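Me: I'm new to reading structures. Could you take a close look at one part of this one with me, the open sheet and what sits against it?

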Amino acid sequence: MRRALVLAERGAGNVAPNPMVGAVVAMDGRVVGEGWHAQFGNEHAEVVALRNACELARGATIYVTLEPCNHTGNTPPCVNAIIAAGIKRVVYAIDDPNPVAQGGAAALRAAGIEVVSGVLAADAAELNQPFLFAARGATRPWVTLKLALSLDGAVVDASRQRGWLTGPRAQKAVHFMRARADAIGVGIGTALADDPLLTVRDAPAPRISPVRVVFDRAARLPLDSQLVKGALNTKLIVFAAGRSVSRETALAAAGVDVVRAMDISEALVALRERGVRHLLVEGGAVVASALMAASLVDRLIIIQAPVILGRDAINAFSGVAPQRAHSAPRLRVISRKTFGADLMTVYAVSTS
């Protein structure tokens, strides 16, 4: 199953809105076939693994990261392929929450195949949290907040000038995060200070370019910014609050999708209505604090650089209400990884 999870990740950026799924066929402890869902609309992981196993699949066990589907979509039901291949035992990690696709386990058991579920379920769920969150009826996107911080918790130094805190390896990792998201968001402060593109550049291009999002209540985003200049090629949504109708009109004329939202909660609902299931927010401090204060962050990714920015630097969470040290919520650590001198930690903020 661990191998199947590794294989599943190879579909990142190419299979949404489907989940990432991997499959391994084994006989007597030996792998005889493996596969993953590589592209939306193409064969599912089980079918690829069975085809690679050929006749060795008969009497074997197949390990799958998600319950095999039991419906015809872009491809036939995977349960049919498993039964036809003569598989003796199916082991899967998590149930499929999609009411259209679920029921595979029951169909396999009805065909006389042994079925085991729940193996490495937590790992498999973490891999596809945005998919699972949406399938369970969420009215907002799954939100990942990514922040590059100094050792003293600052996002920018006292000069407020643009500059990289983290090194090239960490920056490249962020582009891989972008490729897995449906949308990439920043606050207007970051947009003004950095003039970012918010595109995927240092990673394989995803099937669909992520939507760019700016939370900009007063519609201050400059018309000559890189974001606006690229709006006709890559979708840009600006969430404004109607404070400057003339500026909103000018942005719309430049190809920007200007959406009225009175607060960030309302903006997230609007994003979900537009098909965004996973939002990656990259800053800055105002947006980060607003999201944390409203309990709208599901995963917090901190990439910490080995520098101290000192007095007058902007703290990432200066806008969050104060907490007592002995009673402040302790975030669960999901993973840690180093990129050169930089340390990345992924925290679970929501209960999911």
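Reply: Here is a walk through the sheet, then the helices on it, then some salt bridges.

A quick note before we start: this is a predicted model, where local features need pLDDT of at least 70 and side-chain atom pairs count only at pLDDT 80 or more, while totals for chains, interfaces and linings use all residues. Residues are numbered from 1 along each chain as its sequence is written, and side-chain values use heavy atoms, with hydrogens and water left out.

Okay, the sheet. It's an open one with 9 strands, in the order β11-β10-β9-β8-β12-β6-β13-β16-β15, and the pairing is mixed. Strands here are DSSP runs (E, at least two residues), helices are runs of H or I with at least four, and both are numbered from the N terminus. Two strands pair if DSSP finds at least two bridges between them. At the edges you'll find β11 and β15 (332-339), each pairing on one side only. From one strand to the next, the twist averages 20°.

Now zoom in on β13 (residues 299-304) and β16 (residues 342-348): they run antiparallel and are joined by 6 bridges. Look for I303, whose bridge partner in β16 is M344.

Next, the helices. Helix α10 packs on the sheet, touching β10 (236-240) and β11, and its direction makes about 145° with that of β11. Helix α11 (residues 264-273) packs on the sheet too, touching β6 (142-149), β9 (211-215), β10, β11 and β12 (278-281), at about 150° to the direction of β10. Contact means heavy atoms within 4.5 Å. For the angles, axes are lines fitted to C-alpha atoms, for helices over the stretch in contact, and angles run from 0 to 180 degrees between N-to-C directions.

Side chains make a link here as well. E248 forms a salt bridge with R260, with the closest N and O atoms 2.8 Å apart. That pair links distant parts of the chain, 12 residues apart: E248 is in α10 (residues 245-253) and R260 is in strand β11 (residues 257-260). A salt bridge means a side-chain nitrogen of Lys or Arg within 4 Å of a carboxyl oxygen of Asp or Glu. E248 is buried, at 7% relative accessibility, whereas R260 is partly exposed at 46%. The cut-offs are under 20% relative accessible area for buried, over 50% for exposed, and partly exposed in between (1.4 Å probe, protein chains only).

By that salt-bridge rule the count comes to 11, and K146, R178 and E282 are linked in a network of them.
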